[in-house]
Amino acid sequence: MIKPKTEEEIELLRENAIIVSKTLAEVGKAVAPGVTTKQLNKVAETFIRDNGAIPSFLGFEGFPAAICASVNDVVVHGFPSDYVLKEGDIVSADIGTLYKGYNGDSCYTFPVGEVSPETRKLLDVTKESLYRGIAAAVAGARIGDIGYAVQSYAESFGFSVVRELEGHGIGREMHENPGVPNYGRPGRGTHLVDGMVLCIEPMINAGGRAVYLDRNGWAVHTADHKNSAHYELTIVVRKGRAEQLSTFDFIEKDGTIKF
Ligand code: MG
Ligand code: MG
């Protein structure tokens, strides 16, 4: 039995979600050809700490940085490094915060300068698949409805869904039950109830769905080395329509970056 969050807990999760959303926007402003992923990490860590929060990924099971910076064929969990971003790359920034005892966790995949039309399509479809998943996350539905919405949309464009990683509940712990797979069958899995807080995070590959773990034990790559995109938002299951706690508005409506 998964206990829904109280409204007080949801307010604390919302505060985290806003800090993470704003951090993603700061990172987005810094993304450009010639910038290293370590520099992006620095931007994020500084912003999180300046806002009184703790970068929760740093030290989590030994992870060495404040953000996961996953470039091109890296699906998730890339280490920020001295890699210099170049025109046409994509970089996903996955960011977590701990603030007032609760967690925030969201992710955005940024194009670096101009990307190919195929890559632009991958980004657009992955983000839309997330919104389709959110639309399915209503009280009375089931976890499989979310996965089905994501999967059926992404696959209709010939893209594939990573199965080895999934979304999750969030609260005092960064990863809580239930798991939220990005594939599934309608009407199956955990029942969704009002007040459940979930991170929905499709990881969609341009090519096949097979992935492998890097020798560093963290980074997950696509087996065919084609690009992979990843977007994540935190939502509250509600009756009729889910409520978004984190948002991409700070990235997309700020006016300085056009996506
Ligand atoms: Mg995340
Ligand atoms: Mg997550």
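In this report, a residue counts as buried when its relative accessible area is under 20%, as exposed when that area is over 50%, and as partly exposed in between. With that in hand, we can walk through the structure, which is a predicted model.

## A helix inside the structure

Let us start with helix H4, which covers residues 143-155. Of its 13 residues, 10 are buried, so H4 is largely enclosed by the rest of the structure. The buried ones are Ile143, Gly144, Asp145, Ile146, Gly147, Ala149, Val150, Gln151, Tyr153 and Ala154. What lies over these buried residues? The cover includes helix H3 (117-136), strand S6 (160-161), S8, strand S9 (197-200) and strand S10 (203-205).

The length of H4 can be checked too. At 1.5 Å a residue, the 13 residues should span 18 Å, and the end C-alpha atoms are indeed 18 Å apart, which agrees.

Isoleucine 146 gives a good view from within helix H4. Its relative accessibility is 0%, so isoleucine 146 counts as buried. Leaving aside residues up to four places away in sequence, isoleucine 146 touches Gly133, Ala136, Ala137, Val180, Leu192, Leu198 and Ile200. Leucine 58, by contrast, is 88 residues away from isoleucine 146 along the chain, and 29 Å separates their C-alpha atoms.

## A residue on the outside

Now for asparagine 177, which lies in strand S8 (residues 176-180). Is asparagine 177 buried or exposed? Its relative accessibility is 61%, so asparagine 177 counts as exposed. Apart from residues up to four places away in sequence, asparagine 177 touches Ile2 and Gly169. Between asparagine 177 and lysine 38 there are 32 Å, C-alpha to C-alpha, and the two are 139 residues apart in sequence.

## The magnesium ions

Which residues hold the protein donors of the magnesium ion (ligand 1)? They are Asp94, which appears twice through OD atoms, Asp105 (OD) and Glu232 (OE), and they lie 2.0 to 2.7 Å from the ion. Along the chain, the donors of this magnesium ion (ligand 1) follow the spacing D-x10-D-x126-E. Distant parts of the chain are linked here: aspartate 94 sits in strand S4 (residues 90-99), while glutamate 232 sits in the loop between strand S13 (228-230) and strand S14 (233-236), 138 residues apart.

Both of these residues are buried: aspartate 94 has a relative accessible area of 7%, and glutamate 232 has a relative accessibility of 0%. Aspartate 105 has a further part to play, bridging the magnesium ion (ligand 1) and the magnesium ion (ligand 2). The two ions lie 3.1 Å apart.

## Salt bridges

Side chains of opposite charge can pair when their charged atoms come close. How many salt bridges are found in the whole structure? A search finds 16. Three of them are set out here.

| Acidic residue | Basic residue | N to O distance |
|---|---|---|
| Glutamate 243 | Arginine 14 | 2.9 Å |
| Glutamate 26 | Lysine 29 | 3.0 Å |
| Aspartate 194 | Arginine 238 | 3.2 Å |

The side chains of glutamate 243 and arginine 14 meet in a salt bridge. Glutamate 243 lies in strand S15 (residues 243-244) and arginine 14 in helix H1 (residues 7-30), so this pair ties together parts that are 229 residues apart in sequence. Glutamate 243 is partly exposed at 22% relative accessibility, and arginine 14 is partly exposed at 23%.

Lysine 29 and glutamate 26 form a salt bridge within helix H1, where the two are 3 residues apart and so separated by about one helical turn. In an α-helix there are 3.6 residues a turn, so residues three or four places apart point the same way. Lysine 29 is partly exposed, with a relative accessible area of 44%, and glutamate 26 is partly exposed as well, at 26%.

The salt bridge between aspartate 194 and arginine 238 connects two loops. Aspartate 194 lies in the loop between S8 and S9 and arginine 238 in the loop between S14 and S15, so the pair ties together parts that are 44 residues apart in sequence. Aspartate 194 is partly exposed, with a relative accessible area of 29%, whereas arginine 238 is buried, at 15%.

Finally, some salt bridges join up: Glu7, Glu11, Arg14, Asp194, Arg238, Lys239 and Glu243 are linked in a network.

Note on methods. Residues numbered from 1 in each chain as written. Chains lettered and ligands numbered in written order. Predicted model: local features only at pLDDT ≥ 70, side-chain atom pairs only at ≥ 80, totals over all residues. Heavy atoms only, no water. Donors = N, O, S within 2.8 Å, 3.2 Å for Na, K, Ca; no water. Helix = DSSP H or I, 4+ residues; strand = E, 2+ residues; numbered from the N terminus. Buried < 20%, exposed > 50% of the residue type's maximum accessible area, 1.4 Å probe, protein only. Contact = heavy atoms within 4.5 Å. Expected span 1.5 Å × (residues − 1). Salt bridge = Lys/Arg side-chain N within 4 Å of Asp/Glu carboxyl O.
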